[in-house]
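Biologist: Before we go through the features one by one, could you show me the structure and take me through how to read it?

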Amino acid sequence: ITDLDHSGVKWDNLLDDNTALQGAVTSASVFGALLSSVLVFKIADDIGRKMEMVVGSGLYAVGALIEAISAQPGWDANLGITVLIIGRVIYGCGIGFAMHGAPAYIGEMSPANIRGLLVSLKEAMIVLGMLLGYLVGYLFADVNGGWGYTYGVAIIPAFIMGFGSLFVLKDSARWLYLRNRHEEAKDSLRWVYPPELAEAAYTAISDQTEDIRRASVSKDRDSSPLLKTESNSIEEGEGVDKSVWAPRFRPALIAGIGLVFLQQLTGQPSVLYYAAGIFQDAGLDAVASVGVAAFKLVMTLFAVATVDKYGRTVLLYTGISVMLVALVTLAIAFSYMPEPSDDDSTKAVTTTQGIVLGAMFVYIGGYQIGFGPISWLLISEVKIEYL
């Protein structure tokens, strides 16, 4: 970085021609999300879903503030990029907390008949945030250091999320019941259900919890010397292997990890991170990134409207098939993409560039009716079945 700073230009412009720095800044938030995912795995059941979202919103706000501060015009490249990456890591930590807490909370609190709708709406709100982020970035594209404002704007939705989570939401009734806070669990259910249905929902949670505890004891009794020789209290769950690696959790573990692994393996998050660069390489204006985000929102809303009608599997398979066709098309189109020429005075979109743009839209659309909302929905539902 020191070698790059001798030219006297603003340091943020140095990122334009340095793919290594672009990659470091872009992936810093992913690294933060990885760190916080490991942490939240350890403490999520202790602090509850509500506090997960509160902590996540706080990390969002702090990270966004640090990112905005890094755009100080008087800073050199070493200081500016270091502060920016630190802010990105902290912001990414917020992702880990929020992306675990939100779908888990919806899954544990929502009625089964609208659970798919609500979890998919969570994905729609994320996409709306992407659209607003692309739009703000486009509006500040010609402002010197305007990217700092783009980061700073994220403080506003982070504050709204934190305030709503802390002062509006109730703790998850299922989480409260598992903590033996039964009256609070009933009160939480009354916040969601009419009084006559709240009692039925509480009974369902109680029956399901005790049935699974009994089944856990029964399954483990034959394989555990402790359970063979000692009496166990079902109410307290003593002697039951509560580890996520326990055999009874294996189907849920495989389904959850498998879905998210394949979701990331598609490369779709990376496509979004580098969307502007991809369109620039294809000779298309940066406004195409805003168009992709808008289309992404439309397709997400389609999934929201149809997930409970057609089911999770149909949408997932449909989305995967559409993505496959789009990726093959993109690979072929980019292989025939001509090198950009400085002498090219026309701004017309070529046939190949049009194919790239169309295939990108199809790819994003396939993701948003499949992996995007369905992965988080299935994880939240599988978790309920296994507590």
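Modeller: This is a predicted model, and a good place to begin is helix α5, which gives the most to the nonpolar patch, with six residues.

Biologist: Which residues form the nonpolar patch on the surface, and which helices each supply at least two of them?

Modeller: The patch is formed by M51, V55, V153, I156, F159, I160, F163, L166, F167, V168, W191 and V192, which together have about 1,100 Å² of accessible area. At least two residues each are supplied by α1 (19-69), α5 (155-167) and α7 (182-192), and I160 has its place in α5.

Biologist: How should I read the packing of α13 and α15, and at what angle do their axes cross?

Modeller: In general, two packed helices are described by the angle between their axes and the distance between the axes. Here the axes of α13 (residues 287-310) and α15 (residues 351-369) come within 8 Å and cross at roughly 35°, and the crossing is right-handed. Among the residues making the contact are G291, F295 and M299 of α13, with M360, F361 and I364 of α15; the residues of this contact divide into twelve nonpolar, four polar and one charged.

Biologist: How many salt bridges are there, and what separates R49 and D45 along helix α1?

Modeller: Side chains of opposite charge can pair when their charged atoms come close. The count comes to nine salt bridges, taking a nitrogen-to-oxygen cut-off of within 4 Å. R49 forms one with D45, their closest N and O atoms lying 3.1 Å apart; because the two residues are four apart in helix α1, about one helical turn separates R49 and D45.

Notes:
Residues are numbered from 1 along each chain as its sequence is written. This is a predicted model: local features need pLDDT of at least 70, side-chain atom pairs count only at pLDDT 80 or more; totals for chains, interfaces and linings use all residues. Side-chain values use heavy atoms; hydrogens and water are left out. Axes are lines fitted to C-alpha atoms, for helices over the stretch in contact, and angles run from 0 to 180 degrees between N-to-C directions. A crossing is left-handed if the near helix is turned anticlockwise from the far one by less than a right angle, and right-handed if clockwise. Contact means heavy atoms within 4.5 Å. Ala, Val, Leu, Ile, Met, Phe, Trp, Tyr, Cys and Pro count as nonpolar, Asp, Glu, Lys and Arg as charged, and the others, Gly among them, as polar. Patches are made of residues with over 30% relative accessible area and no salt bridge: like charges are joined within 9 Å, nonpolar side chains (Val, Leu, Ile, Met, Phe, Trp, Tyr) within 5 Å. Accessible areas come from the Shrake-Rupley method with a 1.4 Å probe; for residues, only the protein chains shown count as cover. A salt bridge is a side-chain nitrogen of Lys or Arg within 4 Å of a carboxyl oxygen of Asp or Glu.
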